Amino acid sequence: MPGQPFVQVDAFTRESFGGNPAAVFLLPAARDEGWMQRVAREMNQADTAFLVPRDDEFDLRWFTPTVEVELCGHATLASAHMLWESGILPSDAPARFRTRSGVLTASRRDDRIWLDLPAAPLREEPAPAELAEALGMVPLATWRTPFDILAELPDARAVGALRPDLSRVAAIPTRGVIVTAPADAEGADFVSRFFAPGIGIPEDPVTGSAHCALGPFWGERLGRTSLTARQLSPRGGTLWIRLEGNRVQLGGYAVTVLRGELI
């Protein structure tokens with residue numbers, strides 16, 4: 001009996017073993033949620049993407065090892081990369097995905113893959129008391145996005161040196177915690193990290209969906225609509241951002257590192 005092929009793609013990086021890995025499955029037909037969740041747990045990546053062809057589009061769902069999520073940027077970029085690299089889509093054709101966050105598109109421009117994602121609204125609010133304890137420091141200010149808490153730290157060094165108590169982070173009622181600060185080196189405008197142990201991701205290597213909030217956040221402060229971001233996880237990754245009204249164009253590279261078959 002033939003197995004189910006899959007690929008593993010490193011997203012938001014030019015080189016293998018950097019950026020954020022995602023397993024991508026192109027299914028002949030929809031499968032039940034329980035099966036997809038078990039597969040995602042087996043893949044044990046931050047996110048596993050499941051695609052099902054639908055006319056000239058694809059249904060797309062994302063699962064962490066423990067839950068289905070509303071939006072995942074890096075696994076969407078990985079999915080588009082797989083469709084073009086395998087020849088399922090012509091290299092000059094956009095990839096259109098029907099998701100729980102609406103229709104998302106990916107296209108190739110300027111030798112990068114560009115995702116068209118919804119901007120995430122922000123509202124400033126006091127930090128939960130447990131956040132400072134979880135981070136081991138008091139943020140300068142905090143905001144809420146539809147998914148996460150965004151905490152501004154004093155500088156890039158504080159972001160890179162942060163060692164949060166992940167058990168305390170998991171207890172905060174939010175998908176995850178984004179920490180950010182201005183960049184301190186050429187080649188980036190701001191830096192960030194993302195922690196989501198409550199949904200099975202202790203630290204996400206590069207988080208596309210977080211930049212749906214980070215892009216507008218830093219765009220307003222810097223007076224810019226074009227930005228470059230660096231995520232300071234151990235694997236690290238670079239993202240290019242263009243702000244267009246209530247949409248965020250997110251650019252990056254991708255590399256296929258593994259092809260396999262689920263028996």
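**View 1. The second largest pocket of this predicted model has a lining made up of seven nonpolar, three polar and two charged residues.** The volume of the second largest pocket is about 160 Å³. Its lining is formed by Gln4, Pro5, Phe6, Val7, Val24, Leu26, Met82, Glu85, Ser86, Ile88, Thr256 and Arg259. Several elements take part, for strand 1 (4-11), strand 2 (20-26), helix 2 and strand 18 (254-262) each give at least two residues to the lining of the second largest pocket. Strand 1 makes the largest share of that lining, with four residues.

**View 2. The largest pocket has a volume of about 190 Å³.** The lining of the largest pocket consists of 11 residues, and those nearest the pocket's centre are Pro2, Gly3, Gln4, Arg31 and Leu262. Sorted by class, eight residues of the lining of the largest pocket are nonpolar, two are polar and one is charged. Gln4 can be looked for in the previous view as well, as it is also among the residues that line the second largest pocket.

**View 3. The largest cavity encloses about 100 Å³ of space.** Around the largest cavity there are 16 lining residues, and the closest to the centre of the cavity are Asp47, Arg175, Asp204, Thr207 and Ser209. Among the elements, helix 2 (73-85) and strand 14 (201-204) each contribute at least two residues to the lining of the largest cavity. Seven residues of this lining are nonpolar, six are polar and three are charged. In the structure there are three cavities of 30 Å³ or more.

**View 4. Helix 2 is largely enclosed by the rest of the structure, because 12 of its 13 residues are buried.** The buried residues of helix 2 are Gly73, His74, Ala75, Thr76, Leu77, Ala78, Ser79, Ala80, His81, Met82, Leu83 and Trp84. Measuring along the helix from its first C-alpha to its last gives 18 Å for the 13 residues of helix 2, close to the 18 Å expected at 1.5 Å a residue. In an α-helix there are 3.6 residues a turn, so residues three or four places apart point the same way. Just beyond the end of helix 2, Gly87 has a positive phi of about 85°.

**View 5. Helix 1 (residues 33-43) carries the buried residues Trp35, Met36, Gln37, Val39, Ala40 and Met43.** The elements that cover the buried residues of helix 1 include strand 1, strand 2, strand 3 (47-54), strand 4 (57-63), strand 5 (68-69) and strand 18. Where helix 1 starts, a side-chain oxygen of Asp32 comes to within 3.0 Å of the backbone nitrogen of Gly34. Just after helix 1 comes Asn44, whose phi is positive, at about 60°.

**View 6. Asn44 and Asp111 have positive phi values, of about 60° for Asn44 and near 65° for Asp111, although neither Asn44 nor Asp111 is a glycine.** Most residues other than glycine have a negative phi. Asn44 belongs to the loop between helix 1 and strand 3, and with a relative accessible area of 55% Asn44 is exposed. Asp111 is placed in the loop between strand 7 (102-109) and strand 8 (112-118), and Asp111 is exposed too, since its relative accessible area of 57% is over 50%.

**View 7. Arg193, in strand 13 (residues 190-196), counts as buried at 5% relative accessibility.** The side chain of Arg193 has a polar atom 2.9 Å from the backbone oxygen of Val159, and the side chain of Arg193 also reaches the backbone oxygen of Leu162 at 2.8 Å. Apart from neighbours within four places in sequence, the residues in contact with Arg193 are Val159, Gly160, Ala161, Leu162, Arg163, Val177, Ile178, Val179, Glu203, Gln231, Leu232 and Ser233.

**View 8. Val169 lies in helix 5 (residues 166-171) and is buried, with a relative accessible area of 4%.** When neighbours within four places in sequence are set aside, Val169 is in contact with Ala134, Pro164, Val177, Phe195 and Pro197. One of these residues, Val177, is in contact with Arg193 as well. From C-alpha to C-alpha, Val169 and Ala106 are 32 Å apart in space, and 63 residues separate Val169 and Ala106 in sequence.

Conventions: Residues are numbered from 1 along each chain as its sequence is written. This is a predicted model: local features need pLDDT of at least 70, side-chain atom pairs count only at pLDDT 80 or more; totals for chains, interfaces and linings use all residues. Side-chain values use heavy atoms; hydrogens and water are left out. On a 1 Å grid over the protein atoms alone, a cavity is a set of points where a 1.4 Å probe fits but cannot get out, and a pocket is an open set with protein on both sides within 12 Å along at least five of seven lines; lining residues have an atom within 4 Å of a point. Grid points are joined across faces, edges and corners, and a volume is the space filled by probe spheres set on the points. Ala, Val, Leu, Ile, Met, Phe, Trp, Tyr, Cys and Pro count as nonpolar, Asp, Glu, Lys and Arg as charged, and the others, Gly among them, as polar. The expected span of a helix is 1.5 Å times one less than its number of residues. Buried means under 20% relative accessible area, exposed over 50%, partly exposed in between (1.4 Å probe, protein chains only). Contact means heavy atoms within 4.5 Å. A polar contact is a pair of N or O atoms within 3.5 Å; within protein, one must be able to donate a hydrogen and the other to accept it, and residues adjacent in sequence count only if both atoms are side-chain atoms.
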